[in-house]
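Please open the structure in your viewer and keep the sequence panel at hand. The tour below proceeds by selection, and each stop describes what is found there.

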Amino acid sequence: MTTESAPTTPESAPQAAPQKSARALARARRRHSAARFWREFRTHRAGLFGLAALVVIALVAVFAPLLVGSDAQSVTDAPGKPMESPSGEFPLGTDQFGRDLLGLLVYGARMSLTVGLLAAVLSVTIGTLVGITAGHFKGWYSTVIMRVTDWFLVMPTLVLAIALAAVLSGSIWTIILAIGVTTWPTTARLVRAQTLAVESRPYIERAQALGGGHGHIMSRHVLPNVMPLVLAQTTLVISSAILTEATLAFLGLGDPTGVSWGGLLQDAREAGAVSAGDWWYLAPPGLAIAVVALAFTLCGRAVESVLNPRLGVSR
Amino acid sequence: MDTQDQHGRTRSHRSHPTSQSTSQPTHEVPPKSPPRRRLLLAAGAAAGALALTAGLASPLNPAPQQAEAKADGKKTLTVAVAQSVDSLSPFLAQRLLSTSIIRLTNEYLTNYDAKDNHAIPGFATKWEPSADKLTWTYTIRDNSKWSDGKKATAEDAAWTFNKLMSKEGTATANSGFVANFKKVTAPSPTKLVVELKKPQATMAALDVPIVPKHVWEKVGDISKYNNDESFPIVGNGPFVLTDYKTDQYVKLKANKDFWRGAPKFDELVFKTYKDQDAAVAALKKGEVSFVAGQPALTPAQASELKGTENVKVNEGPGRRFFALATNPGAQTRDREKFGDGHKALLDKKVRQALFLSVDREALVDKVFQGQAVEGEGYIPPRFSEYAWKPSADQKLSYDPKKAAQLLDEAGYKKNGDGKRVGKDGKPLDFRILCHATDPNDKAVGKYLKEWWGDLGIGLKVNCLDDVSVPWYAGEYDLAFDGWSVNPDPDFVLGIHSCAALPVKAKESAATDNFICDKKYDELYNKQLAEYDPAKRAETVKEMQSWLYDSGYMNILAYPNAVEAYRTDQIKSITTMPTAAGNIYGQDGYWSWWSAVPADGKSSSKDGSSTGVIIGIAAAAVVLVGGGVLFALRRRSTAEDRE
């Protein structure tokens, strides 16, 4: 997942034959660093466990129509009776519309993963942009933008996201936007700190002396150096984004016609499954959320310790 | 009047429990440890969460003893309600809860019989019209006293009606009843005379709480006074309001001097439970004696409670209809158009096609799981006098083929992608306003989306906590709608008359759905002036027939009232109608006035609370997961800071 941007220090580049083209050299270097990354990553057993879980869940989500049929979400063609308990036909029972809960759980993975990934990308993109520019420009710009960041940092994320999701209409894009624009401050602070560290190195000064502009410095020198941090941060943000998505959906702020894990919990509550003690309706979506969030966290931690040299030393 | 409460726009907003927050502060993790150990720790915590779940799911020790008669021997009846009080002022209250409470504290001129809803003496013992039908004389009872000791007389009633007719009174909830009044006087303490401009059929069903003149005279502007400043509140009903805390409780004590006889319970408490599941759990534990069926208990909750010892589930035909309202083009009283309703809905064929493609039987079967009656006419069958059914050839039953044909005729043909497109090339895409707090709205929305999707019509379900803003602004195509109907149908019929339209665009008004039609208005005025019940009912049925054909209001179902109470706390309670009816939200004070306390020796233990435990467990898994995640993240960021 991180082949492209793994940082490569000059020493680690292979001493290739001089006649090879620059592009071939770059490709070889990347291949090499990807292999090195994978070697390192393999040593993290928890990370591997997380990765395996993610691959399985992603496959299930992608092939959902093949696994449980394409009409699992349809209420009009629901196969069962309302609120059936688990049976051979419906391993997890049925919901209040008579739909197979296992099918819904599988489809829910799609929504949760999509929202989690997109929201995390949005959040980290905003955070990176803000962080790099704030670290690079310094002065009043940095002061102003970091105060804005601080303001967002102290705002309770959930409340802000709820307010946003309530104001905008209920769709998955609203949820993605609400999570994306409320969770970026941590990334921004991290990236800014790293940017400051990178920019204090002498080669940045040299690049400037050679005529490198702001854009060049930020995109060619700073960005590649903060990328490992950003990547690790992304994997970690995903799991919190998935949790936030579930929370928002549970609070009834999701897309009312879509199926997501948080939405399933909300449906269960509205159907009175809690009073009736229908654990097969409540427990699976909750467990699924926990497992995916955990898997992303394990993966993220492993990636982080591989990519971050300071963390790597202790191993 | 307690009809408005049910209307979507003024319905109480249930807030949601906020569990599962992702930002659980965690602390107990040491700041520095090698990554692998941390990961193991995380895995351990996750396993712990699972173990916790397992532990919780096992049967708990016997549940705590239920509440019963207090030490001082006072018998208290606690009712769990989901709604909030909008106002305690008899002039302003509109929601079902508030109007039900005011029913208990203030007398109305007449009351409805619990058996068959006919008007019976309340504050008035007798009422009769003059020969020209324009003057009504009420004889006021002389044995009703205000709770501060003063006698309640015709003077109080006259003052109440005059206040409603005054300028400030027109801004209040019950002013509709007096729109037609010319003069109200009290020639003697036991005689009230009302002079009318035109005959009015609702004179024996004036749902206006009478207030004590000597107290309310001192109030400045009644359109702004919520009557929640000094307790107890002076009243003359079977109960006296003694205390109120917003969204927590309303306390009432029995009025021992009530002329019809004192209530059997000493105290009545309406306790707010925003979450119906929590209310059900409280009932199972005996913390509350009654769970109000508004919203109705879900089938799962009802069947669980049916199996619980000492709990009786009461299911009766509801007073309410659940409908799809179609925006007919919002307009003001001066026919000035506003809002952005879909133009295609101005075509009757399109509206009827939408009607034809809704399988109401399936909705009753699946969404309500039998806890409702299939919708037909506007007035629920419970009010048999006025209820109307379409004839076989008038009925628009589920027929998607015919719907498709109607749409083709209206000029909305399917294009290559299977979408219906108008002559202007615009696809037929509708928005539907739904109440985020009502599970039924969302559930029916899912069905509509599929049924209409098959026809090539797009639907966007727009669920909001407060639908009143787009509704008043006319910015909707379709909307979920619902009203409680009173024994006298005048109110729910009046909300579709032209007179109910707003004066200014986007202003709040009595209108339900911006319907304004000459024929309907003629019929409305005809029924209002008709004193002969049979003839009036005939006209009312004609109006419903018109409403049905217009396709403006698609009555989907009449949801049953499903509520439950503890038989070891309440020995008996009157339903309305007595044979099979509801308890909470009656058109009268019968239920709470008649409720008889049980002996007080409660024998039962709590049934299984596995459901709750599992709910908690599921939440715990998520929370612990979130906590672990957060802990890891916190540490990760701590180390990355430079």
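The stops that follow lead through chain A, then a sheet of chain B, and then a single residue of chain B. Please bear in mind throughout that this is a predicted model.

**Stop 1: chain A as a whole**

Select chain A and display it as a cartoon. Its secondary structure comprises 14 helices and 0 strands, so that, read from the N terminus, the succession of elements is α-α-α-α-α-α-α-α-α-α-α-α-α-α. The C-alpha trace extends over about 75 × 45 × 35 Å along its principal axes. Colouring by burial would show that 49% of the 315 residues of chain A count as buried. Contacts may be considered next: of those in chain A that link residues at least 6 apart in sequence, 71% connect residues at least 24 apart.

**Stop 2: helix α9 of chain A**

Now restrict the selection to residues 202-209 of chain A, which form helix α9. How many of its 8 residues are buried? The count is 0, and the helix is hardly covered. Extend the selection to Gly211(A), just after α9(A), where phi is positive, at about 100 degrees.

**Stop 3: a sheet in chain B**

Move to chain B and select the strands of the open sheet β14-β20-β13-β19-β17-β18, listed here in sheet order. The sheet has 6 strands, and their pairing is mixed. Which strands stand at the edges? They are β14 (372-374) and β18 (458-464) of chain B; each has a single partner strand, so one side of each lacks a neighbour in the sheet. From one strand to the next, the twist averages 30 degrees.

Strands of a sheet pair through backbone hydrogen bonds, in either a parallel or an antiparallel manner. To inspect one pair, select β17 (residues 429-435) together with β18 in chain B: the two run parallel and are joined over 7 bridges. Within this region, His435(B) lies opposite Leu464(B) of β18(B).

**Stop 4: Val250 of chain B**

Finally, centre the view on Val250(B), which belongs to strand β9 (residues 249-254) of chain B. Is this residue buried or exposed? Val250(B) counts as buried because 24 C-beta neighbours lie inside 10 Å, where the threshold for burial is 20 or more. Show its contacts beyond the neighbours within four places in sequence: they are Val85(B), Ile101(B), Leu241(B), Tyr244(B) and Phe270(B). As a last step, select Ser98(B), which is 152 residues away from Val250(B) along the chain, yet the two C-alpha atoms are separated by 9.7 Å.

Note on methods: Residues numbered from 1 in each chain as written. Chains lettered and ligands numbered in written order. Predicted model: local features only at pLDDT ≥ 70, side-chain atom pairs only at ≥ 80, totals over all residues. Helix = DSSP H or I, 4+ residues; strand = E, 2+ residues; numbered from the N terminus. Buried ≥ 20, exposed ≤ 12 C-beta atoms within 10 Å, placed from the backbone. Contact = placed C-beta atoms within 7 Å. Pairing = 2+ DSSP bridges. Axes fitted to C-alpha atoms, helices over the stretch in contact; angles between N-to-C directions.
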